[in-house]
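Trainee: I should be grateful for a close look at a single part of this model, set in the context of the whole chain. Please take me through it in one connected account.

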Amino acid sequence: MASHYEAPIRKPLVVGDKGYHDVTVDIAAPVEGRANKHWWIVFSIALVAFLWGLGCIIYTVSTGIGTWGLNKSVNWAWDITNFVWWVGIGHAGTLISAVLLLFRQKWRMAINRSAEAMTIFSVVQAGLFPIIHMGRPWLAYWVLPIPNQFGSLWVNFNSPLLWDVFAISTYLSVSLVFWWTGLLPDFAMIRDRAVLPFQKKIYSLLSFGWSGRAKDWQRFEEVSLVLAGLATPLVLSVHTIVSFDFATSVIPGWHTTIFPPYFVAGAIFSGFAMVNTLLIIMRKVCNLEAYITVQHIELMNIVIMLTGSIVGCAYITELFMAWYSGVEYEQYAFLNRATGPYWWAYWSMMTCNVFSPQFMWFKKLRTSIMFSFFISIVVNIGMWFERFVIIVTSLHRDYLPSSWTMFSPTFVDIGIFIGTIGFFFVLFLLYSRTFPVIAQAEVKSILKSSGERYKKLRDAGQPLYQISSERPVVKEEVSDNAVVEEVKPIKDGAGVDELLSSIGTFDAAKESPDDLKQVKGIGPQMEATLNEIGIYTFAQVARMTKKEYDLLDSITGSFPGRAQRDDWAGQAKVLNNKK
């Protein structure tokens, strides 16, 4: 018990009466079961948005970039705004997973998988905009330093735009390997639980032969730490290099040394907000409230509050340096942002990014799921406005008043942006139906120290090694001490009658009971439960189909899906033929 000790003041990170088997069943359920109504609603909305954006991309490529609202003065606008916004969102995924792993933070366990997936999918969205902006996306390979048909023509290594290509592709590669490495134990878990041969084969390939040996776990830990160590400086470098796109220019409002740390802080800020949005959606859509708890949301909100304050300091520093520099062009650039024709974008940015996170100082608000969801969306709206303000307001009025102009997005600009949001959620929702969205092995590693069930057992003075494989019933007494009782099968009269009408009843006068323990997956306790229901023979078990398996699960309430995975009917049929 000493090795699993955790201070009583700490709230459990896994709530509910969860044991090791419950964790496996709950995390595998979204992959093995059917999608619920909430999943289909969100997926349908995302798919419509994606198809709209796809149509706009096809129209842009077939017609030309003239379909966008760009002009001679504002030749960077909506597309680069969206590019920087998506790269920023992709920041927090690897940060959460890598940095919190290095610092051994337990609250990482339930959220790192969704955060890592978010990184992959958001970087994919970011990469779309520069490729489309090229005008000829089929020539995108020209940005890579590879031998080509033009002889000595090479890319310009002095260009920050090329640094973007290398930084983001490196970041994507490391993040992808880090994500996949963490998935290996979960792929093996789905492989071992799979009923269909095709499903078993697919997950066998995805798990790379994971067997769960001590050597596998040793290599897993070593590789995870190495990748976390590589990913952490990349988190800082990627958005720093993105900021060089602006900071190395001589345009007022861009030419500033504060951009690298300012962009990194803003990226972490927006990334954590998007992780919060996804976690709140996933806990509802995939029924994971026991693992993605209010405490996880609260901790995320605290990070959002702190990074929002850093971003606010950066805004104030920018204003101070513009005034202190004495350069009239710099001073006008910031005055124009706050009072010029795009004042609404500037003050939307300030409201969303500086003022709204300050509500998280109040515990009641930062522990409210609905308020957290609202603020997470508001923050990402504000961060989009930040990128828009930086890019457009610095370009639309430059040194020559004769070239001043305004930028207005077209329906194609808006459609492509909405399409990438839809594409992101389509990928994420499909991922949640095919990959485990929580690292079950890592959650199990903290279960005895941070699980509500085990905390109650410790408080009651019950030794943890005495816990059976079945779920105990934990009752709360007045003294808040937990009492463990033996499991009793649920007697659902209507369900029992329906089950027995399908598989047949046992006639003690004409038949003799079989030893059901010969069926793999049926132990003494489960055999007693089946006998109490009225199932005594191999013949009865052999008649079970999916309908009967579901009925049995609802009646017993123990090990849902176990009978179907172990193919009790097929085993019983063979045993019955051998009698």
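**A buried ring and its surroundings**

Mentor: Phe 121 has a relative accessible area of 10% and is therefore buried, since the cut-off for that class is under 20%. The model is a predicted one, and Phe 121 belongs to helix α4, which covers residues 112–133. A search of the whole structure finds 55 aromatic pairs. In one of them, the ring of Phe 121 meets that of Phe 428, with 6.3 Å between the centres and 85 degrees between the planes, so the arrangement is edge-to-face. This pair joins distant parts of the chain, because Phe 428 lies in helix α14 and the two residues are 307 residues apart. Phe 428 is likewise counted as buried, at 1% relative accessibility.

A second edge-to-face pair is formed by Tyr 346 and Trp 347, with centres 5.1 Å apart and planes at 90 degrees. Here the partners fall into separate classes of exposure: Tyr 346, at 7% relative accessibility, counts as buried, whereas Trp 347, at 40%, counts as partly exposed.

Charged side chains also meet aromatic faces. Arg 433 lies over the face of Trp 39, at 5.9 Å from the ring centre. Arg 337 lies over the face of Phe 334, at 4.7 Å from the ring centre. Both Phe 334 and Arg 337 are among the buried residues of helix α10, together with Glu 330, Ala 333, Asn 336 and Ala 338. Helix α10 runs over residues 328–339; its twelve residues reach 16 Å from the first C-alpha to the last, close to the 16 Å expected at 1.5 Å a residue. The buried residues of α10 pack against α9 (294–325), α11 (343–355) and α13 (369–395).

From Asn 336 of α10 the account passes to His 396, as the two residues are in contact. His 396 is placed in the loop between α13 and α14 (411–434), and at 1% relative accessibility it counts as buried. Beyond its neighbours within four places in sequence, His 396 also contacts Val 74, Pro 341, Tyr 342, Ser 403, Trp 404, Thr 405 and Met 406.

Another buried loop residue is Trp 210, with a relative accessible area of 9%, found between α6 (197–206) and α7 (214–247). Not counting residues up to four places away in sequence, Trp 210 touches Leu 184, Pro 185, Ala 188, Arg 191, Asp 216, Trp 217 and Phe 220. Arg 191 is 19 residues from Trp 210 along the chain, and their C-alpha atoms are separated by 9.9 Å.

These details belong to a chain with 23 helices and two strands. Of its 579 residues, 51% are buried. Among contacts with a separation of 6 or more, 77% involve residues 24 or more positions apart. The accessible surface comes to about 26900 Å², and carbon and sulfur atoms account for 66% of that area.

As to confidence, the mean pLDDT of the chain is 82, with 89% of residues at 70 or more. Helix α11 has the highest confidence, at a mean of 92, and strand β2 (residues 482–485) the lowest, at 34. Over residues 465–491 the pLDDT is below 50, although this stretch has 47 contacts in the model beyond near neighbours in sequence.

Technical notes. Residues numbered from 1 in each chain as written. Predicted model: local features only at pLDDT ≥ 70, side-chain atom pairs only at ≥ 80, totals over all residues. Heavy atoms only, no water. Helix = DSSP H or I, 4+ residues; strand = E, 2+ residues; numbered from the N terminus. Expected span 1.5 Å × (residues − 1). Buried < 20%, exposed > 50% of the residue type's maximum accessible area, 1.4 Å probe, protein only. Contact = heavy atoms within 4.5 Å. pLDDT = per-residue confidence, 0-100. Areas by Shrake-Rupley, 256 points an atom, 1.4 Å probe, with all protein chains shown as cover. Phe/Tyr/Trp six-rings, centres within 6.5 Å; stacked < 30°, edge-to-face > 60°. Lys NZ or Arg CZ within 6 Å of the ring centre and 35° of its normal.
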